[in-house]
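Hi,

Here is the structure I promised to pass on. Please open it before you read the notes below it.

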Amino acid sequence: MKKFFTFVSMALVAMSVNAQTELEKWDASEKLTFATQNFEGVGDRDVLQEMKKSDNQNKFKKVPTIYENDPLPDANDQDARAKIIADATEDLQLDDYIFTGETTNVTLTGVCTPNPNELSYNYWMKEGNDNQFLNEENLGAGEYTIGENTITFDKSECLVSFGGKYVKAQHGNPSITAYQYYFINDDKKEVGPRYVEDYYTKDCGELPKKGAYFKFNVKSAGKLIIGFFLNNNLNANPLFIVDGDTKAPLAQDEISILAFRNNRNYEVEKGRTTRMHAYTLDENYLIQDESGIMGADTNRKLYGYISFNTEAGKDYYMFSPKSQMGLYGFEFTPTGGADGITEIATTTSDNAPVYNLAGQRVSNDTKGLLIKNGKKFINK
């Protein structure tokens, strides 16, 4: 009888460990509901239905009068900025529009703070076309040739397969300060609201108080893979994954990025042989490839995966100041619970065989997303 209870106890422990290490996936196209609405002068937009309106709890200020002309023709005009801040004496109440998603160990919160009186398509909406999907059908579409150059679409590059389009906020730059003002332009029309803002920087020691960002609350230590979209001007707009406790961004070498630029011709012209490509973050958290910051090519949108390891009980914020960001979804692999219990150690070997995601054994110098000792890794 004693052996029986020992066996049952061991089985329960094994079940607990398996539950801790089971993959968890949240897919925006499956979990969120959108409704097509027509907006005059804009057209049809797929607007998120699960948004909840909430008062932004930060104390912002606005200029109570309307300026006779634009007081800030140059965003770097420090005297004009100082004047607007000094004139902003009236309280300003802004609203956040929030949606949430949840798995066993991860709670996602999407926050957007649009300008007052904006149309709802500027809050959260669905966007993307077939060529931008992060799934095996798109990424594994065979070969594409321009002249003598050929690029291969290999489904093994699909870290996580998401069902369709991404959710994104049309407006709302994440910032830590904001002072609102209006002015009359040369055509005698009222313009605004406009804002004097300070955006998050790696050394500011604060979290965004308004704007569009994603927050991931993680109960367990593990690995988080996020399917993302980033808009234009990536040579000037950094990408941050911020630790909610320290309010500092994760180190560049703690973050992996595997992505492709908009337009198939781009990769072919770059002489690449696969669609997905590894990117890194420089000292200013600007995205770059092996040739350096992407210069004139920064207006090509970026689609792919961001992955990093998490600690139990922490919040992680993902955003890009002054660049629109979208979310396809996320996949989380727990490696331990909030009580500090980590996964059971297994024997690994540097000489272990290497496999692709189709389960086929490949050579050690094969490029792309591979599996060794039961774990995924990117061989560049």
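Below is what turned up, element by element. Keep in mind that this is a predicted model.

Helix α3 first. It spans residues 78-87. Which of its residues are buried? Ala80, Arg81 and Ile84 are. Their directions cover an arc of only 100° around the axis, so they sit on the same side of α3. That fits the usual geometry: an α-helix has 3.6 residues a turn, so residues three or four places apart point the same way. The buried residues of α3 pack against three strands: β5 (60-67), β13 (175-184) and β14 (190-199). On the other side of the helix, Gln78, Asp79 and Ala86 are exposed.

Look at the start of α3 too. There, Asp77 has a side-chain oxygen within 3.2 Å of the backbone nitrogen of Asp79.

Next, Asn56. It lies in the loop between β4 (52-55) and β5. Is this loop residue buried or exposed? Asn56 counts as buried, because its relative accessibility is 2% and the cut-off is under 20%. Leaving out residues up to four places away in sequence, Asn56 touches Gln93, Leu94, Asp95 and Asp96. It also touches Thr113, Lys209 and Lys210.

Last, the cysteines. The disulfide count is 0. Cys112 is buried, at a relative accessible area of 0%. Cys204 is partly exposed, at 23%.

Over to you.

Best wishes

How values were computed. Residues are numbered from 1 along each chain as its sequence is written. This is a predicted model: local features need pLDDT of at least 70, side-chain atom pairs count only at pLDDT 80 or more; totals for chains, interfaces and linings use all residues. Side-chain values use heavy atoms; hydrogens and water are left out. Buried means under 20% relative accessible area, exposed over 50%, partly exposed in between (1.4 Å probe, protein chains only). Helices (H or I, at least four residues) and strands (E, at least two) are DSSP runs, numbered from the N terminus. The arc is that of the directions from the helix axis to the C-beta atoms. Contact means heavy atoms within 4.5 Å. A polar contact is a pair of N or O atoms within 3.5 Å; within protein, one must be able to donate a hydrogen and the other to accept it, and residues adjacent in sequence count only if both atoms are side-chain atoms. A disulfide is a pair of cysteine sulfur atoms within 2.5 Å.
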